Amino acid sequence: MRTENKTEGQPLTRPKIMVVDDDPDLRHALSLRLRANNFDTVNAGDGYSAIAMAKKERPHLIILDLGLPAGGGFTVLKNLRKYPTLADIPVIVLTARDPEGNEKYTLESGAIAFFQKPADNDELLGVIRASLQAGWGLGRALQSGPA
Amino acid sequence: MEPEAGHILLIEDNPGDADLVRLRLEEGMSDVRVSCVPRLSDALASLDAETPSLVLLDLNLPDSNGAETFHRIMQKAPNVPVVILSGRNDEALAINAVHQGVQDYLVKGDITSKQLERAVRYAVERQALSRSLEIARKQQIEFKNRFLSHISHELRTPLTCIHQYVTLLLDGLAGPLAPNQTDHLKTALKSVNQLHAMIRDLLEATRADSGKLRVEPRCIDVGELIQQAVAMMGPAAAAKHLALEALPDQTIPLVYADPGRVIEVLINLIDNAIKFTPTEGAVLVQAAIFETDPTLVCLSVSDSGRGIPAELLPKVFDRLYQDPGEVDNNRTGLGLGLYIAREIVTLHGGSMSAASQLGSGSTFSFTLPLFSLAKLLLPVITFQGRLRDSIVLVRVELTPLANSLGGSWKETCQRCLDLLRRCIFVDKDLVLPSTGGSGPSETFFVVASTDMAHVDIMIERIRAQVLALPRLQASSTLRVTAEKIYCPASDDLRSDDLKSDDPRSVEERVAGVAACVTEIIQHSLKSKPNINQKETHENAN
């Protein structure tokens, strides 16, 4: 990993993004790109570990695939809402599925954005930054409050 | 196994003929039960109560005649085989009926029991066969569509991976690249994008086939869309040294269409024009009111390419049509682009056509319906043939606080629009289609059949519903205001020609209201940045 990024006067904690996708190669590539853009990353490859990992790591944002083993993306979205500490983490859905029939349901299930694969990298990063800015205070408040 | 004749419904008004046919039937087949009715109305009632295995039908009944008779029966029971009993003088009609799906006909007077039995059994058999063929055909289409849809999704997953790694390398995230490496990767990325476009076309065509293609029309300015499409295709035209020009008639009123879809169609046509026009040529995009029908606008893309031979012209919209003599040595798409484009235009209620002069170029044109507010308003603001008592325009303005959240903002606006539709009475209020303004804030309008004294109830309902949207309060501000459009009771005080003795027809008066609403909307969209303007409306409320 290129370490020089970390020393260039970045904030002490970089926003942490959890990538949930069952394709390890894609997880790897996405994580590389996110880290190059000054985010920390954690990964999960199925619905069950997504929730476990989210509880453990408390990411600031989640990028979520819909077609997942052990509980699909919609189940993950539903389960996230069950935990007060996880309920407000912004979720961006990134899926090979069609927007038609899925986008509306995704947003109704609480995700903040829907991207179809392959997504434009700049657009995806733009939405990540915008939602982190908008929800940053909220995330902080939750982290310092009683869990 | 011999098919069972079962229950036969005999529709015959002449008691002599009816008895004869019944006798012949019972002679020929031991397993048959015959019920006989003299009128079409009785027959329809009987079909409601019980489905027979066959209908024997005289076409001339006391309450129905000729082709009408079998149309009604086949409409009522499309899966029941029908055999016609015709007289000697209406055989032509009977043959015609067979062309339209009746299984057989028998000429009364010539009927033997053997012949009748044979006709009945064959008709039942044939009907069952054609029905199972139809079911199999539908299943096949359904299977094909599901298969294509599944394949397209599966193809996307590895494609996404390739896309991600190629862009990682191209963006230098895995170390610096030599110039020729960059070129190679760009070529790879171009192919990835082509493949992506093909997968998308495949899905779209599959959707079009199964009637699942959707358009969401709203009020749009086609001139603006043409400018956008031309801007997007500019680089491709410049790369071939083509002049790409847009010449929309500036006076075209708003069009009622799905902006994303219209851009898709325009880009498809411009892309084709660029592809088939040699270097230094020209591509021209135009829009004007359609000459033969002024309720349509006609958009066209003309090129100075080599043209399409007359015999191929009707085929260009076919699925999988590909130009036999491609100029560029480029890979083409799947040959689905024009097919999808035409489907999209048809869904809007327009049509698409192509004209060409071999050697001097081609023109692809399509029509879209002009937006008619009066047409939308008529059923809402009139009641029992009269204009409603009072009409108010409610304006709902949503402004994002931070810089746009991309797709998320668009979705917020869509959800706001959906909510608005729940805040109104559908039979007397109308949420106007989005005006597609390009600024950051979104304004929705509701025409409401109420007066200024009662509109507050609606405003409160809208505020409560919209502000309850998750994350809305953190990301945007909401302003809901109302203004009077029409209120004859108070107008009467000033002018005595408005109410009951208004000489204009209801349609003309609705058109007047529509014009008034349009003027206010246009004015408010133009004066968007002017805060004071909005405040006065707020105060007026």
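These are my notes on a cavity, a helix and a chain in a predicted model.

**Cavities**

I searched the whole structure for enclosed space. The search returned two cavities of 30 Å³ or more. I then looked up the second largest cavity, which holds about 50 Å³ of space.

Which residues line the second largest cavity? From chain A, I listed Leu26(A), Leu30(A), Leu94(A), Lys117(A), Pro118(A), Ala119(A) and Leu124(A). From chain B, I listed Thr160(B) and Gln164(B). I sorted this lining by residue class: six are nonpolar, two polar and one charged. I also checked the helices behind the lining. Helix H2 (24-36) of chain A and helix H5 (113-170) of chain B each supply at least two of the lining residues.

**Helix H4 of chain A**

Next I took helix H4 of chain A, residues 73-82. I found Gly73(A), Phe74(A), Val76(A), Leu77(A) and Leu80(A) buried there. I looked down the axis of H4(A): the buried residues fall within an arc of 160°, so they line one face of the helix. The repeat fits in with this kind of pattern: an α-helix has 3.6 residues a turn, so residues three or four places apart point the same way. On the face turned away from the buried side of H4(A), I noted the exposed residues Lys78(A) and Lys82(A).

What do the buried residues of H4(A) pack against? I recorded helix H3 (47-57), strand S3 (61-64), strand S4 (91-95) and helix H5 (103-108), which belong to chain A.

**Chain B overall**

I counted 16 helices and 18 strands in chain B. Of its 541 residues, 44% count as buried. Chain B exposes about 27,900 Å², with carbon and sulfur atoms supplying 54% of that area. I also checked contacts in chain B between residues at least 6 apart in sequence; 72% of them join residues at least 24 apart.

Key: Residues numbered from 1 in each chain as written. Chains lettered and ligands numbered in written order. Predicted model: local features only at pLDDT ≥ 70, side-chain atom pairs only at ≥ 80, totals over all residues. Heavy atoms only, no water. 1 Å grid on protein atoms, 1.4 Å probe; cavity = no way out; pocket = protein on both sides within 12 Å on 5 of 7 lines; lining within 4 Å. Points joined across faces, edges and corners; volume = space filled by probe spheres on them. Helix = DSSP H or I, 4+ residues; strand = E, 2+ residues; numbered from the N terminus. Nonpolar A, V, L, I, M, F, W, Y, C, P; charged D, E, K, R; others polar. Buried < 20%, exposed > 50% of the residue type's maximum accessible area, 1.4 Å probe, protein only. Contact = heavy atoms within 4.5 Å. Areas by Shrake-Rupley, 256 points an atom, 1.4 Å probe, with all protein chains shown as cover. Arc of directions from axis to C-beta.
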